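Biologist: I would like to discuss this model, beginning with the terms on which it is described. Please set those out before we turn to particular residues.

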Amino acid sequence: MKEQTTCVVIADGARAKFLTKSNRNLVPILATHHAIVDITVHQDKGASTPGRVSKGMTTKGTHSYPTHSDWYHFKKEAFANTIATILHQTEKNYDQLILIAAPAVLGCLRQHLSPNVASKVVHEIDKDLTKTPLKKVMDYIQFPA
């Protein structure tokens with residue numbers, strides 16, 4: 001019987017590690033993927049601060065504040081989509097998937113996973129362990145038999 005290949009993804013809003021289980025150890029299978037740091041996100045979505053429109057000092061003046069946009073959430077969601085795309089492109093390389101991510105990123109990642117990849121998820125951990133040594137990450141993981 002073929003041994004199950006387990007892929008482990010450790011992610012936060014800015015970096016993702018793609019690992020595989022090998023003899024109760026975690027071995028990197030891809031280089032650490034980093035989010036692209038740029039300022040174009042502000043240009044794509046509008047102004048970075050809310051504006052105000054005023055028609056003078058009368059009581060009939062109009063004030064308008066645009067809806068609040070959370071740029072960091074937008075960038076995390078875009079990065080989660082990138083992670084999901086990588087997982088979809090490499091889905092033939094693993095049989096099981098363990099996701100370890102910060103809670104907000106894990107929620108975004110779940111939304112972007114394809115049905116085939118989502119069916120391979122066997123365990124989820126909602127913690128940011130991207131800066132944790134791999135030997136300590138093993139304490140959090142419960143590998144299926």
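Modeller: Helices (H or I, at least four residues) and strands (E, at least two) are DSSP runs, numbered from the N terminus. This is a predicted model, in which local features need pLDDT of at least 70 and side-chain atom pairs count only at pLDDT 80 or more, while totals for chains, interfaces and linings use all residues. Residues are numbered from 1 along each chain as its sequence is written, and side-chain values use heavy atoms, with hydrogens and water left out.

Biologist: In which helix does V137 lie?

Modeller: V137 counts as buried at 0% relative accessibility; buried means under 20% relative accessible area, exposed over 50%, and partly exposed in between (1.4 Å probe, protein chains only). Leaving aside neighbours within four places in sequence, V137 is in contact (heavy atoms within 4.5 Å) with I10, L26, I100, L129 and T132. The helix that holds V137 is α5, residues 134-140.

Biologist: What separates the C-alpha atoms of V137 and I100?

Modeller: Along the chain, V137 and I100 are 37 residues apart. I100 is nevertheless among the contacts of V137. The C-alpha separation of the two is 9.4 Å.

Biologist: Which element gives the most to the largest nonpolar core?

Modeller: A nonpolar core is a set of buried Ala, Val, Leu, Ile, Met, Phe, Trp, Tyr and Cys residues joined through side-chain atoms within 4.5 Å. The largest has 23 residues, of which V9, I83, L87, L97, L99 and L113 touch the most other members. At least two residues each come from β1 (6-11), β2 (15-22), α2 (71-89), β5 (96-101) and α3 (103-112). With 6 residues, the element that gives the most to this core is α2.

Biologist: How many residues form the second, separate core?

Modeller: Its members include L19, I125, V137 and I141. The count for this second core is 11 residues.

Biologist: Why are the buried residues of α3 on the same side?

Modeller: The residues concerned are V105, L106, C108 and L109. They lie on the same side of α3 because the arc that they cover around the axis, taken from the directions from the helix axis to the C-beta atoms, is only 165°.

Biologist: Which exposed residues does the opposite face of α3 carry?

Modeller: The face in question is the one turned away from the buried side of α3. Its exposed residues are P103 and Q111.

Biologist: Which backbone oxygen does the side chain of T20 reach?

Modeller: T20 is found in strand β2 and is buried, with a relative accessible area of 15%. The residues that T20 touches, beyond four places in sequence, include T5, T6 and N25. At 3.0 Å, its side chain reaches the backbone oxygen of T6.

Biologist: How many salt bridges are there?

Modeller: A salt bridge is a side-chain nitrogen of Lys or Arg within 4 Å of a carboxyl oxygen of Asp or Glu. The side chains of D12 and R15 meet in one such bridge (2.7 Å, N to O); D12 is buried at 8%, whereas R15 is partly exposed at 21%. The side chains of E124 and R110 also meet in a salt bridge (2.8 Å, N to O), and this pair links distant parts of the chain, strand β6 (residues 121-125) and helix α3. By this rule, the count of salt bridges is 2.

Technical notes. Polar contact = N/O pair within 3.5 Å; in protein donor to acceptor, adjacent residues only side chain to side chain.
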